[in-house]
Amino acid sequence: MRKAPVLDVDAILDDRATRIIVCCGSGGVGKTTTAAALGLRAAERGRCAVVLTVDPARRLAQSMGLTELDNTPRSVASYDNGGQLFAMMLDMKRTFDEIIEAHADPERARQILTNPFYQSLSSSFSGTQEYMAMEKLGQLRRSGEWDLIIVDTPPSRSALDFLDAPERLGRFLDGRFIRLLTAPAKAGGRSAFKLLNAGFGLVAGAMTKLLGAQVLKDLQTFVSALDAVFGGFRQRAEMTYKLLQAQGTAFIVVAAPERDAMREAAYFVERLAEERMPLAGLVVNRVHTSPVSGLSAARSTAAAEDLEARGEHELTAAVLRLHAGRMQLAAREGREQDHFVSAHPTVPVAQVPAMSQDVHDLDGLRAIGDLMARAS
């Protein structure tokens with residue numbers, strides 16, 4: 001296997017200038033567990049850390065031995081050295097509601113929160129989850145209550161959609177369709193009446209047939225009410241985006257040693273470079289090794305075949321074949337990692353060996369953290 005620089009996890013956690021760690025990667029590679037393990041290790045080393053997961057599968061709560069997490073940081077552990085660990089799971093609708101309540105007067109907030117279109121947008125609009133992850137990160141950072149925030153990014157297809165979410169939501173709310181809906185209200189009085197009859201009436205008639213009169217009215221009411229608070233949305237999103245680019249933020253890409261996951265990891269690394277986001281390195285989870293690495297797959301298979309041909313030591317032959325299979329798997333994983341290192345030779349890497357069982361408590365998370373740190 002090609003040699004890559006080693007990712008020094010403890011150096012990142014011990015650096016008090018590091019205030020945000022973002023774990024990103026494709027689904028099913030152990031991203032949530034990695035984020036939780038980093039949070040626990042940071043707390044045990046004296047940091048006041050909060051782990052924010054956007055994963056609705058509740059794996060973070062399970063790995064911390066908790067029954068559930070919600071939109072409010074919950075204390076998990078505290079230590080004599082002053083270290084503390086908190087965890088939370090993003091509730092995107094609740095976060096959206098909090099934004100509206102904080103940035104609109106009570107009557108306008110009521111209009112927005114009770115609007116059927118808003119209720120649909122805040123629960124299921126594409127990009128809302130990623131946008132709210134950015135909002136919540138900004139809230140946590142501005143509160144100043146934690147000196148380290150670890151983000152487990154959404155399990156979206158690209159896993160970097162949260163970088164695009166503010167712009168995507170902004171394009172939607174600034175788009176021609178939305179501007180058309182708000183034009184009559186913004187024009188005011190007689191001008192609004194003329195505008196409605198001159199052109200908007202034709203379009204509104206078509207949209208009424210397509211969407212229904214009540215849906216169109218709900219949409220117009222929603223956009224008109226939201227217009228006053230959307231400027232704050234964009235401003236905060238831009239601030240959070242700049243925060244992600246600043247010193248004190250570290251992106252850790254998480255992958256499994258499989259072809260698709262390593263390709264995705266390469267994409268993440270390249271995308272982060274394009275966005276000028278500070279990449280700390282790559283964590284490769286569930287790497288298979290063997291305690292008898294000196295015995296090759298070919299020699300192990302040959303020895304098993306010899307024993308089987310003589311009808312001797314069937315159990316030994318079976319063990320040899322298992323070893324051969326594991327060595328072949330390790331070789332395949334090594335080749336996938338070689339491809340990544342060849343393309344990105346300067347990216348630090350930490351390998352975490354595959355564990356015999358799933359992580360479901362703090363001891364398991366501690367073991368993962370130890371393995372990550374041992375790689376350095």
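Colleague: What percentage of the residues of the protein count as buried?

Modeller: Keep in mind that this is a predicted model. Buried here means under 20% relative accessible area. The protein has 376 residues, and the share of them that counts as buried is 47%.

Colleague: And how much accessible surface does the protein have, and what share of it belongs to carbon and sulfur atoms?

Modeller: The accessible surface adds up to about 18,300 Å². The part that belongs to carbon and sulfur atoms is 52%.

Colleague: How many helices and strands does the secondary structure of the protein come to?

Modeller: Helix 4 is one example, covering residues 92–103, and strand 7 is another element, at 279–287. For the protein, the tally is 15 helices and eight strands.

Colleague: Among contacts between residues at least 6 apart in sequence, what percentage join residues at least 24 apart?

Modeller: Take Met 372 as a taste of this: leaving aside neighbours within four places in sequence, its contacts include Val 9 and Thr 34. Among contacts in the protein between residues at least 6 apart, the share joining residues at least 24 apart is 77%.

Colleague: Let's stay with Met 372, then. Is it buried or exposed?

Modeller: Met 372 sits in helix 15, which spans residues 362–374. Its relative accessibility is 1%, and the cut-off for buried is under 20%, so Met 372 counts as buried.

Colleague: Which residues is Met 372 in contact with, leaving aside neighbours within four places in sequence?

Modeller: One residue to look at on the way is Val 284, 88 residues from Met 372 along the chain, with the two C-alpha atoms separated by 9.3 Å. The contacts of Met 372 are with Val 9, Thr 34, Ala 37, Leu 38, Val 283, Ala 350 and Val 352.

Colleague: On to the helices. Are helix 4 and helix 5 roughly parallel or roughly antiparallel?

Modeller: The axes of helix 4 and helix 5 (residues 106–113) come within 8 Å and cross at roughly 155 degrees. Angles over 145 degrees count as roughly antiparallel. That is why helix 4 and helix 5 are called roughly antiparallel.

Colleague: Which residues meet there, and how do they divide into nonpolar, polar and charged?

Modeller: Helix 4 passes helix 5 in a right-handed crossing. From helix 4 come Asp 97, Ile 100 and Glu 101, and they meet Ala 109, Ile 112 and Leu 113 in helix 5. The residues of this contact divide into four nonpolar, no polar and two charged.

Colleague: What about helix 4 and helix 7: how are they oriented to each other?

Modeller: The axes of helix 4 and helix 7 (residues 128–143) come within 9 Å, crossing at roughly 60 degrees. That angle makes helix 4 oblique to helix 7.

Colleague: Is the crossing of helix 4 and helix 7 left-handed or right-handed?

Modeller: On the helix 4 side, the contact uses Met 92, Thr 95, Phe 96, Glu 98 and Ile 99, and on the helix 7 side Thr 128, Gln 129, Met 132, Glu 135, Lys 136 and Gln 139. These residues divide into four nonpolar, four polar and three charged. The crossing of helix 4 and helix 7 is left-handed.

Colleague: How do the residues of the contact of helix 13 with helix 14 divide?

Modeller: Helix 13 (residues 297–310) and helix 14 (residues 314–343) pack at about 160 degrees with their axes 8 Å apart, which makes helix 13 roughly antiparallel to helix 14. Their crossing is left-handed. Among the residues making the contact are Ala 297 and Leu 307 of helix 13 and Leu 320 and Met 327 of helix 14. The contact residues divide into eight nonpolar, five polar and three charged.

Colleague: Is Arg 276 buried or exposed?

Modeller: Arg 276 lies in the loop between helix 12 (259–274) and strand 7. Its phi is near 60 degrees, a positive value in a residue other than glycine. Most residues other than glycine have a negative phi. With 69% relative accessibility, over the 50% cut-off, Arg 276 counts as exposed.

Colleague: Where is Arg 286 found, and how accessible is it?

Modeller: Arg 286 is found in strand 7. Although not a glycine, Arg 286 has a positive phi of about 60 degrees. Its relative accessible area is 41%, so Arg 286 is partly exposed.

Colleague: How far apart in space are Glu 145 and Ala 49, C-alpha to C-alpha?

Modeller: Glu 145 is placed in the loop between helix 7 and strand 5 (148–152), and is exposed, with a relative accessible area of 54%. Glu 145 and Ala 49 are 96 residues apart in sequence, and their C-alpha separation is 9.1 Å.

Definitions and conventions
Residues numbered from 1 in each chain as written. Predicted model: local features only at pLDDT ≥ 70, side-chain atom pairs only at ≥ 80, totals over all residues. Heavy atoms only, no water. Axes fitted to C-alpha atoms, helices over the stretch in contact; angles between N-to-C directions. Helix = DSSP H or I, 4+ residues; strand = E, 2+ residues; numbered from the N terminus. Parallel < 35°, antiparallel > 145°, perpendicular 65-115°, else oblique. Left-handed = near helix turned anticlockwise from the far one by under 90°. Contact = heavy atoms within 4.5 Å. Nonpolar A, V, L, I, M, F, W, Y, C, P; charged D, E, K, R; others polar. Buried < 20%, exposed > 50% of the residue type's maximum accessible area, 1.4 Å probe, protein only. Areas by Shrake-Rupley, 256 points an atom, 1.4 Å probe, with all protein chains shown as cover.
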